[in-house]
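Here is a short report on one protein chain. Look at the sequence and the model first, then read on.

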Amino acid sequence: MADILKIAFVIVFFVLTLTPGMVIVERRLSAWMQGRIGPDRVGPLGLLQPLADAVKFIFKEDIIPDGADRLLFVLAPVMVLVPPSLGLIVIPFGNRIGDEYLQVANLSVGVLFTMSVLGVAVYGLAFGGWASNNKYSLLGGLRASAQMVSYELALGLSIIAVLMISAGHPNETMGTLDPRAIVERQVKYGWNIFGGGNWLMLPCGLIGFILFFVSALAENNRLPFDLPECEAELVGGYHTEYSSMKFALFMMGEYVGMTVMSALMTTFFLGGWSMPGLNRFLVGSEWWMGLLSVGVFITKVVSILFVYVIIRWTLPRFKYNQLMNLGWKRLVPLALANVMLVAVIGVLTQSPAAAAPKPGARAPIEVVQGGVK
Amino acid sequence: MTLGMTLKKAWLKLAIKLYIPAALNGMRYTLGRVFRKKATLSYPEEVHVPRKGYRGEHRLKKDEVGRMKCVACLMCQTACPAECIQIIGAPSPWPDREKIPVVFNIDMLKCIYCGMCEEACPCDAIELTPTFTKVCTTREEKIYDINKLLSR
């Protein structure tokens, strides 16, 4: 029962509420930034505009072009929307209510799981581009796959760095891939963006966060890295031929991807549901404490989404060679260097007591903590 | 060059290379734009009020006893670069002038609203008003005759 409630909350809030909310916020904010007013006719402050959009999308004619690969053409939007939604399930969106931890599935390899399902999303874009039987779509799909594969590397390496930060605290003997454990360590010691309680790690945390953020922008095909769908060159990239609800699914997939990335950033770097100064109201098992922790988490996620919007309407698009240069020649080496730096600092600052194997503890070589609930 | 200047130069070079300070500055600017006054008007509720001296559709003026000021001298017709004014004169019923117009048509669709007719008029009889939103459904409606021009 509780599981169903949690799944319902994740789907209803993170997918079906945050996405349209994000759309309307983005449209209004971009309008304000450009000196316009934006959509303000449907509902109070134009808040029901996404609803009107959805109705319009549903009633539009659904066209499948001649010569399209019908199966892949239909499959592509699903492949874009489902993986990011799956990635949401391991993210702890709050502390706990009673004994129920506010996380749909507690996987001991949660980080790996999220990374792997997010990696699947690239198939959706590649399929969409290929199945459309259109040159521009194909180019968009190609660009999308090349870009996402390149930046996934930097993303993964910055995650390795953050995992090592949370493992490298002097009091800890083992690393963990469990998002909930990562958040709990941040509650105990401090946020990973500031080095997870070890002030020597501060630059590592900051660099890791910036690397993660830039790679996340590229992963989500957001400006300044929206080359796969840039309107000026490719008409619309991989979704040129899509219409009606299939196009809406592409859009939703994009926005859900942003939400997942923000949630991951919050979990890995910004302390998940914790908030310094408020932690004594958040750590308990009372129901209102649980709700408050959910509120804190959502606030963080929404703030990051807000930054996404500002970045989109500020920075111009990179050229493709610049994108690849940045990815392979700057971000990947920097991420590797960051991992090295974290490792060196971690080893140097580890206290002898923590380094010595404790009786009963598992050998420190075993990085993955068991999936104990 | 002092050490301080060299350091500053090196720092600036690094900041440009890093791209992040410039990006943050740009984001601050973009965010500042959010709170500025919007250029768009919500049209049916808010109507644009033209500035003083705006050149909209014409009108013909009347003098203090209610007679039209125009004397059909054809100066405006001559001055008009778009040739949108058509005047046919007739002998005047009043002793202070020789002619008055019986036909005074302005084709508002040909008019370029340059204001040359207003400049050319020797007796200050024609004027451009700030009106710019008059709608019509046929081209003929947009050719304003003397009655319409006088009544505005």
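B:Cys136 forms no disulfide, which needs two cysteine sulfur atoms within 2.5 Å, because its closest cysteine sulfur, in B:Cys111, is 14 Å away, too far for a bond. B:Cys117 is also too far from a partner for a bond, since the closest cysteine sulfur sits 6.2 Å away in B:Cys114. Over all chains, the whole structure holds zero disulfides.

The table adds how accessible these two cysteines are. Buried means under 20% relative accessible area, exposed over 50%, and partly exposed in between (1.4 Å probe, protein chains only).

| Residue | Closest cysteine sulfur | Distance | Relative accessibility | Class |
|---|---|---|---|---|
| B:Cys117 | B:Cys114 | 6.2 Å | 7% | buried |
| B:Cys136 | B:Cys111 | 14 Å | 28% | partly exposed |

This is a predicted model, where local features need pLDDT of at least 70, side-chain atom pairs count only at pLDDT 80 or more, and totals for chains, interfaces and linings use all residues. Residues are numbered from 1 along each chain as written, chains are lettered from A and ligands numbered from 1 in written order, and side-chain values use heavy atoms, without hydrogens or water.

Now the whole chain. Chain B has five helices and five strands (DSSP runs, numbered from the N terminus: H or I of at least four residues, E of at least two). Their order along the sequence is α-α-β-α-β-β-α-β-β-α. The radius of gyration, taken over C-alpha atoms, is 28 Å. The globule rule (2.2 Å times the number of residues to the power 0.38) gives 15 Å for 152 residues, so chain B is more spread out than a compact globule. Its C-alpha trace spans about 90 × 40 × 30 Å along the principal axes. Buried residues make up 30% of the 152 in chain B.
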